[in-house]
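Please look at the model below before reading on, and follow the chain from its beginning to its end. The report then turns to the overall build, the pocket and the surface.

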Amino acid sequence: DFYLIAVDGDSKIRYNRIAKRASSTDNISYDVFLANEKREFSTLDPNKQNLGMCISMADIVIQNNGTIDELNIQLNAKLDNI
């Protein structure tokens, strides 16, 4: 069996996480982050990432706004219901 799982979260939380990760590609402003996210969310280019379409097709959608432990609890709860 195959299940598509989408993991999303609040944009501010995700931005803070990439800023903390501090890789060379993550050194961007919040406005640039949002612009990139907007482009990746709804592109019509079949060769680019379309996050909105992926999320809409997902069997399971999880909001990752907390800790890793909280994410695991949510995921396990969703998987237990399959």
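Helices here are DSSP runs of H or I with at least four residues, numbered from the N terminus. By that count helix 4 covers residues 68-80, and Leu 79 is found in it.

The model is predicted, and its chain has 4 helices and 2 strands, which follow one another along the sequence in the pattern β-α-α-α-β-α. Along its principal axes the C-alpha trace spans about 40 × 30 × 20 Å, and of the 82 residues of the chain, 20% count as buried.

The largest pocket has a volume of about 400 Å³. Its lining is made by 17 residues, of which Arg 14, Phe 33, Glu 37, Glu 40 and Leu 51 are the closest to the centre. The elements in the table each supply at least two residues of this lining, and helix 2 gives the most, with 5 residues.

| Element | Residues |
|---|---|
| Strand 1 | 5-8 |
| Helix 1 | 11-21 |
| Helix 2 | 30-42 |
| Helix 3 | 51-57 |

Sorted by character, the lining residues divide into 11 nonpolar, 1 polar and 5 charged.

On the surface, Tyr 3, Ile 5, Val 7, Leu 79 and Ile 82 make a nonpolar patch of about 420 Å². Why can Leu 79 count as partly exposed? Its relative accessible area is 37%, and the term partly exposed applies between the limits of under 20% for buried and over 50% for exposed. A residue of a patch must have over 30% relative accessible area, and Leu 79, with 37%, therefore passes that cut-off.

Note on methods. Residues numbered from 1 in each chain as written. Predicted model: local features only at pLDDT ≥ 70, side-chain atom pairs only at ≥ 80, totals over all residues. Heavy atoms only, no water. 1 Å grid on protein atoms, 1.4 Å probe; cavity = no way out; pocket = protein on both sides within 12 Å on 5 of 7 lines; lining within 4 Å. Points joined across faces, edges and corners; volume = space filled by probe spheres on them. Nonpolar A, V, L, I, M, F, W, Y, C, P; charged D, E, K, R; others polar. Patch = residues over 30% accessible without salt bridge, like charges linked within 9 Å, V, L, I, M, F, W, Y side chains within 5 Å. Areas by Shrake-Rupley, 256 points an atom, 1.4 Å probe, with all protein chains shown as cover. Salt bridge = Lys/Arg side-chain N within 4 Å of Asp/Glu carboxyl O. Buried < 20%, exposed > 50% of the residue type's maximum accessible area, 1.4 Å probe, protein only.
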